[in-house]
Amino acid sequence: MEIFKKIYKTYTEVVFPPTCVCCGSSTNSDENSICSLCRGKRFESAGLARKEILPQSAAFIYTMWFFDKGGYLQDLLHKLKYHFMRGVGIELGYLLGKDFLHQQSTEELKYIDDLNPVIIPVPLHVKKRRKRGYNQARALAEGVSRSTGWTIIKKGAIKRVRKTKTQTGLTLEERSKNLKGAFQVKEPKLVLNRKCVVVDDVFTTGATTFELAKTLYEVNEVSSGILTVARA
Ligand SMILES: [Zn+2]
């Protein structure tokens, strides 16, 4: 059986050489969907956001790359959201976690490592999740967990209880109003005395991640860290 698998794999690689899901160029290893250029140098590193923009409920925001409007990254994140690409999400999350561990100053790392960290993917409303087939933030969270060793919160422990209008074109104030009360912690004991790390794909104005951090803060009185793949 193994030999057939091997022949099939070689055949498909010759006929359909593996290509990068992001830029479309051929990849040298079928283990990664994202080529080494896209993983490494194609996008501008973002790092920590300015502390001045942080509300009390957020300890820091760390982002892997700057958003490239109209570019490869925007396209990739769109596909991740709507094309059910769980594997790619895990891969990106893995890179994000690794990037945070390698590039981060000890201050933020220490903050997280202090108190049994737990990863919180931004929840989708159940209707939206059913429509899309999955929550891309949970796939990212799985990847972050693999590279950092932190645990992920149990499914359903935090819910998006209110359907919200699309955020596009709204100001930060309008977005915050739109999201007010959108999340609910269903199992408070899972976040008590723990540092939460909120994971999402894109950080735009922060309305979504800040509302989630605020909801968590109301339960555990601990500021959360925020990790995102891209920042606008
Ligand atoms: Zn690429």
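**Close-up views of a zinc site and a domain interface**

**View 1. A salt bridge joins the side chains of E91 and R39.** The N to O distance in this pair is 3.3 Å; a salt bridge is a side-chain nitrogen of Lys or Arg within 4 Å of a carboxyl oxygen of Asp or Glu. Between domain 1 and domain 2 the count is one salt bridge. Before you look further, note that this is a predicted model, in which local features need pLDDT of at least 70, side-chain atom pairs count only at pLDDT 80 or more, and totals for chains, interfaces and linings use all residues. Residues are numbered from 1 along each chain as its sequence is written, and side-chain values use heavy atoms, with hydrogens and water left out.

**View 2. Here domain 1 (1-42) meets domain 2 (44-231).** These bounds come from an automatic or database domain assignment. The contact (heavy atoms within 4.5 Å) takes 10 residues from domain 1 and 10 residues from domain 2. About 930 Å² is buried between the two domains, 60% of it from carbon and sulfur atoms; buried area is the accessible area (1.4 Å probe) that two parts lose on being put together, summed over both. On the domain 1 side, V21, C22 and R39 lose the most area, together 52% of what that side buries.

**View 3. Four cysteine sulfurs hold the zinc ion: C20 (SG), C23 (SG), C35 (SG) and C38 (SG), at 2.3 Å.** Donors are N, O and S atoms within 2.8 Å of the metal (3.2 Å for Na, K and Ca); water is not among the atoms, so sites may look incomplete. Along the sequence, the donor residues follow the spacing C-x2-C-x11-C-x2-C.
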